[in-house]
Amino acid sequence: MTAAAAHAWLTEHRDEMIADLAAYVNHESSSDDLTALDECLRWVCDWLDARIGPPAEHERLPRDETGDVVIRRYSGSGAEPILLLAHYDTVWSTGTLAGWPFAVDGDRISGPGVFDMKAGLVQAVWALRALEELGLPRPPVTLLLNGDEETGSLGSSDVIAAEARRSRAALVFEASADGAVKTARKGVGLFTVTVTGEEAHAGLDPTAGASAVVEMAHQVLRCRALTDLDAGTSVNVGVVRGGTRANVTAGSATAELDVRVADAVEASRIDAALASLEPVDPKTRITVSGGWNRPVFERTPEVAALYEVARDCAVPLGLDLRETAVGGASDGNFAQAAGVPVLDGLGAVGAGAHARTEHATVSGLLQRSALTTALLHHFATRSSPADDFSSNHPGISEIDHG
């Protein structure tokens, strides 16, 4: 009944949790504002010290072009830690708060970044505090905070993978999917197709030259045809640029692709297809650059068993915890690819990520924090990683390839 006891205690501290979330949201942290990211991270570290005490170890890894990475290690029962992942950057530009302030209206909490994903960190921190206040053992915990998740985690992915390999499991406090945790995510590829043609005067000699734009039109259709929704693969040609003037045969054109795949087989198929693109017009040339931004997060037996543990922990809360697979990626992709079981989507209950409808719920804040308390307590009471995942695990109950 750890979850129920935690929920009762957290409910008593509801207003403090909301105040913490308000303070966090009021420290803007746009991914492209290094000054704001630095100020936000400094506040977060001070707040962590106040709420759960100084860590046994603290590392701040500086990054030149993104927010810094912070790793904080807290002692507990057991040898290998549980990795808690939370990013502090948001998609919202600095100044957004001026026209859209943090607000609470009944059960609804709104504000830039409240759902994706500042409520998640507040929930995790208060879960750690609940364990302390209730006198319950907790496992060793590594809290990793990065400031570049919304831009691809290019400056933190290696650190995430390294910390995952040192851990028993990883818990990701990204927002839930309508309350469901996420046990599978697609891999993401970001590619650029470039066509080089030959410029000419389109009016004086329309047969001269070779249009990169016309060639790109052929290649866009070829790339789009690589989509296989039944296999969980989508190829979106999101941006196309080319040419200089209407009376000039275009000498160059580019297309930016966003590719999502559900497994490594499809990733290999896409790689091979893009590498074999051939021009229709032999006077043009095609090159492809880019690669896989995030690996596939597959629902392994270990991931499935971790979900079953979480589902059992949720029962005393009167919650039938659901799981789902989603098309979006997160830092959980890096952790799972490093070989550890991952449970994602433990963060806010709400909706509207990256939109002005973004919101979380107060009830979800309390419920998910209590669930996290019980899940961490589970790890603290298991003597070895082999004991962590003893439940049976059925197939995913909901699939969303969107």
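Mentor: Let us begin with a term: a residue counts as buried when its relative accessible area is under 20%, as exposed when the value is over 50%, and as partly exposed in between. Glu323, with a relative accessible area of 1%, is therefore buried. Please keep in mind that the model is predicted.

Trainee: What share of the 402 residues in the protein chain is buried?

Mentor: Buried residues account for 54% of them. The surface that the protein chain exposes comes to about 16300 Å², and carbon and sulfur atoms supply 51% of that area.

Trainee: How should the overall dimensions be read, and what radius of gyration does the protein chain have?

Mentor: The value is compared with that of a compact globule of equal length. For 402 residues such a globule would have a radius of gyration near 21 Å, and the 24 Å of the protein chain agrees with this. Along the principal axes, the C-alpha atoms fill a box of roughly 85 × 50 × 40 Å.

Trainee: How many helices and strands does the protein chain contain?

Mentor: There are eleven helices and 19 strands. As for how the chain meets itself, consider contacts with a separation of 6 or more: residues 24 or more positions apart account for 80% of these in the protein chain.

Trainee: Let us turn to charge. How many positive and negative side chains are there?

Mentor: The protein chain carries 32 positive and 56 negative side chains, and the centres of the two sets lie 0 Å apart. The general idea for individual pairs is that side chains of opposite charge can pair when their charged atoms come close. In the whole structure, a search finds 18 salt bridges.

Trainee: Which residue forms a salt bridge with Asp20?

Mentor: The partner is Arg51, with an N to O distance of 2.7 Å. The two residues belong to distant parts of the chain, 31 residues apart: Asp20 is in helix H2 (residues 14-25) and Arg51 in helix H3 (residues 34-52). Asp20 counts as buried because its relative accessibility is 5%, whereas Arg51, at 22%, counts as partly exposed.

Trainee: Which parts of the chain does the salt bridge of Glu323 and Arg299 tie together?

Mentor: The side chains of Glu323 and Arg299 meet at 2.9 Å, N to O. Glu323 lies in strand S15 (residues 323-326), while Arg299 lies in the loop between strand S14 (285-294) and helix H9 (301-314), so the bridge ties together parts 24 residues apart in sequence. Arg299 has a relative accessible area of 24% and is therefore partly exposed.

Trainee: Which residues are linked in a network of salt bridges?

Mentor: Such a network links Glu57, Glu59, Arg73, Glu163 and Arg166. One pair in it is Glu163 with Arg166, whose closest N and O atoms are 3.7 Å apart. Glu163 is buried at 6% relative accessibility, and Arg166 is partly exposed at 47%.

Trainee: How does one read the surroundings of a buried residue? Which residues does Val44 touch, leaving aside those up to four places away in sequence?

Mentor: One lists the contacts that sequence proximity does not explain. Val44, in helix H3, has a relative accessible area of 1% and is therefore buried. With residues up to four places away left out, Val44 touches Tyr24, Leu121 and Leu145. As a separate comparison of sequence with space, Val44 and Gln123 are 79 residues apart in sequence and 14 Å apart from C-alpha to C-alpha. A second case is His377 in helix H11 (residues 362-380), buried with a relative accessible area of 17%. Outside the four places on either side, His377 touches Thr2, Leu131, Leu136 and Pro137.

Trainee: Where does the backbone call for attention, and what is the omega of the cis peptide bond from Asp116 to Met117?

Mentor: Omega is near -5° for that bond. Met117 lies in helix H5 (residues 114-133).

Trainee: What is the phi of Ser153, and what is that of Asp178?

Mentor: Ser153 has phi near 60°, a positive value in a residue other than glycine. Asp178 also has a positive phi, about 55°, although it is not a glycine. Ser153 is found in the loop between strand S6 (141-147) and helix H6 (157-165), and Asp178 in the loop between strand S7 (169-172) and strand S8 (181-185).

Trainee: Are these two residues buried or exposed?

Mentor: Ser153 is buried, with a relative accessible area of 0%, whereas Asp178, at 61% relative accessibility, counts as exposed.

Methods: Residues are numbered from 1 along each chain as its sequence is written. This is a predicted model: local features need pLDDT of at least 70, side-chain atom pairs count only at pLDDT 80 or more; totals for chains, interfaces and linings use all residues. Side-chain values use heavy atoms; hydrogens and water are left out. Helices (H or I, at least four residues) and strands (E, at least two) are DSSP runs, numbered from the N terminus. The radius of gyration is taken over C-alpha atoms; the globule rule is 2.2 Å times the number of residues to the power 0.38. Buried means under 20% relative accessible area, exposed over 50%, partly exposed in between (1.4 Å probe, protein chains only). Contact means heavy atoms within 4.5 Å. Accessible areas come from the Shrake-Rupley method with a 1.4 Å probe; for residues, only the protein chains shown count as cover. Lys and Arg count as positive and Asp and Glu as negative; His and the chain ends are not counted. The place of a charge is taken as NZ of Lys, CZ of Arg, CG of Asp or CD of Glu. A salt bridge is a side-chain nitrogen of Lys or Arg within 4 Å of a carboxyl oxygen of Asp or Glu.
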